[in-house]
Amino acid sequence: LSERLSGVFDRLTKQGALSEEDVKTALREVRVALLEADVSLPVARDFVKAVQGKATGQSVTRSVTPGQQVVKIVHDELIHVLSGSEDPGKLKIDNPPAPILMVGLQGSGKTTTTAKLAKRLKDRDGKRVLMASLDVNRPAAMEQLQILGLQIGVDTLPIVKGEDPVTIAKRAKTQAALGGYDVYMLDTAGRLHIDQELIAQAAAVRDAVAPRETLLVVDGLTGQDAVNVATEFDDKIGVSGVVLTRMDGDGRGGAALSMRAVTGKPIRFVGLGEKMDAIETFEPERIAGRILGMGDIVSLVEKAQATLEVEQAERMMKRFSKGQFNMNDLRTQLEQMMKMGGMQGMMSMLPGAAKMQKQMEGSGVDDKMLVRQIALIQSMTKKERANPQILQASRKKRIAKGAGLEVAELNKLLKMHRQMSDVMKKMGKGGMLKQAMKGMF
Ligand code: GDP
Ligand code: MG
C-alpha cells in the first residue's frame, strides 16, 4: 500500500496545478490502493468520499501545490477515522479485582497478548495480576500461559483438568479476590472460524464475571475477514476495544482502518512481535503513516507548510517594497525576530541591514528591547499603527505612558521603523528584498 500510495502522491506533487478532476482521479487511486491493502470496500469508499468532500470544500486553489494539500487531507482524515478513545492504553481496572476478558480467533495472539498486557500492568502500573487460561479445547494451551507467567513473573491460576470455562472463570474471580489481586485476566479459547459454540462460551464467561474490559485480539495481517470477526464478537459479546497483533510484520495496517470504521470500537494496543515487551499503545498517527508510507508524506506535508510561509512572506515583501510598511508589520517582524533567535540572528540574515545592526549595537539593542518595542506598538491605536506619520507630541506621550516607557524610547522605535521602510523600499526596487527573503526560508 505504501508504495502504491507514494506513487500516486509522487505523481500529484509533480503537477503544478491540480483541477478538481485531478483530485478525483487521485482519490480513485487511493481507493484502489486501500482495497489492495484489504480495507473493506464500504470503508474504502466512505473514506475516499470523506476526503473528497473535504478537499473540494477547501477549494484547491488555496493550496500551495494541490497535490500536497491532498496528501495532507488524506493523512488527516486517516488519523481522524483511526482515532478512538482519548487514552487507548488506559485499562479500566479500578475496583479490584478487575476482570479483563480476552477474546478472538485461534492463533490471533490472545495468549501472548494476555501475558504482554499482564506484564505491562505489573511493570508500569505496579498492579498485581492473575492470569487464567480458559482454553480447554487446545492441548497445552493452559501450560502455554503458565510458562509465560513464569517468564514474566505474573501468577497464573493453578490448572485443574476437566473444568469448563465458566467454572475456571469463577475460580479465577474467587482466587483474585482472596489473593488480593488488582486484575485478573481471562484468556479464552479460540476457533479457526467463528462459530456459535465459541460465542456462546464467551458469552457465558462474560455473564459469570462481568468484565471491565473485553478486548478483541485480531491478527493485523488478516484483512476483510477480521472485520466480520470483529462485528460478530461485538454484536454477541460486546467488545470494549481491539488489539491488533502482528503489526511488526509487513502488515499493511488496512485491518486497522476497517476495524475502526466498521465496529466503531477503539483500537487500544498493537502487538509488535513475539517478545513480552512487544506491545504498544495504539497511535493513530503511526498507523496512518504506515498505511500511507509516512516518510514521504511527512516531508511533503512539511514542505507544503513551508511553502505556505514563503508565499505569505512574499506577499508581505511585495507590500513592503511599495513602501507599505506600517507598525503592524513592524510588530510582526519583531515577534518573528524573537522567534528566530533574536535581533542578531535576524539582522545577520538581511544583507542590507548590516549598517543598521552596527548602529543598534551601539545603542544597546537587545532582546529586552524587542519586548519593549512590541509593548509600544501595542499601546498605539489602530489608526496610529497603520499611519505612524500622524504621531504628534501628545499622541507620543500617551503611547509611551501606556507602555510604561519614555517618549525617547518611542522615538527610537519610530526611527527604526523609518530606516527599515527605507531599506525595504530601496531593496524592493532592485529586487533584492525578494532575494534576501528567499535565503531565509
Ligand atoms: P492464540 O491462539 O490467540 O492464543 O494465539 P497465541 O498467543 O498463541 O499466538 C499465536 C502465535 O502468534 C504465537 O507464535 C505468538 O508468538 C505469535 N504472536 C502473537 N502476537 C504477535 C505479534 O504481535 N507479532 C508477532 N510477530 N507474532 C505474534
Ligand atoms: Mg491461546
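In this predicted model, Gly264 has a positive phi of about 75° and comes just after helix α10. The helix itself spans residues 254–263, and 8 of its 10 residues are buried, so α10 is largely enclosed by the rest of the structure. Those buried residues are Gly254, Ala255, Ala256, Leu257, Ser258, Met259, Arg260 and Thr263.

Strand β7 covers residues 267–271. Here 5 of the 5 residues are buried, so this strand too is largely enclosed by the rest of the structure. Two strands pair with β7, and each pairing can be followed through one residue pair. Strand β6, residues 241–245, runs parallel to β7 and is joined to it by 3 bridges; Val242 stands opposite Ile267 of β7. Strand β8, residues 279–281, runs antiparallel to β7, again with 3 bridges between them. In that pairing, Phe269 has Thr281 of β8 as its bridge partner.

The next topic is the nonpolar cores. The largest one has 81 residues, and the members that touch the most others in it are Met185, Leu186 and Val218. Both domain 1 (2–85) and domain 2 (98–281) contribute residues to this core, so it lies between them. Met185 can serve as a point of entry: setting aside its neighbours within four places in sequence, Met185 is in contact with Ile100, Met102, Thr114, Leu117, Ala118, Val129 and Met131. There is also a second, separate core, made up of 11 residues, among them Met327, Met380, Ala400 and Leu410.

Technical notes
Residues are numbered from 1 along each chain as its sequence is written. Chains are lettered from A and ligands numbered from 1 in the order in which they are written. This is a predicted model: local features need pLDDT of at least 70, side-chain atom pairs count only at pLDDT 80 or more; totals for chains, interfaces and linings use all residues. A residue is buried if 20 or more other C-beta atoms lie within 10 Å of its own, exposed if 12 or fewer, and partly exposed in between; C-beta atoms are placed from the backbone. Helices (H or I, at least four residues) and strands (E, at least two) are DSSP runs, numbered from the N terminus. Two strands pair if DSSP finds at least two bridges between them. A nonpolar core is a set of buried Ala, Val, Leu, Ile, Met, Phe, Trp, Tyr and Cys residues joined through C-beta atoms within 7 Å. Domain bounds come from an automatic or database domain assignment. Two residues are in contact if their C-beta atoms, placed from the backbone, lie within 7 Å.
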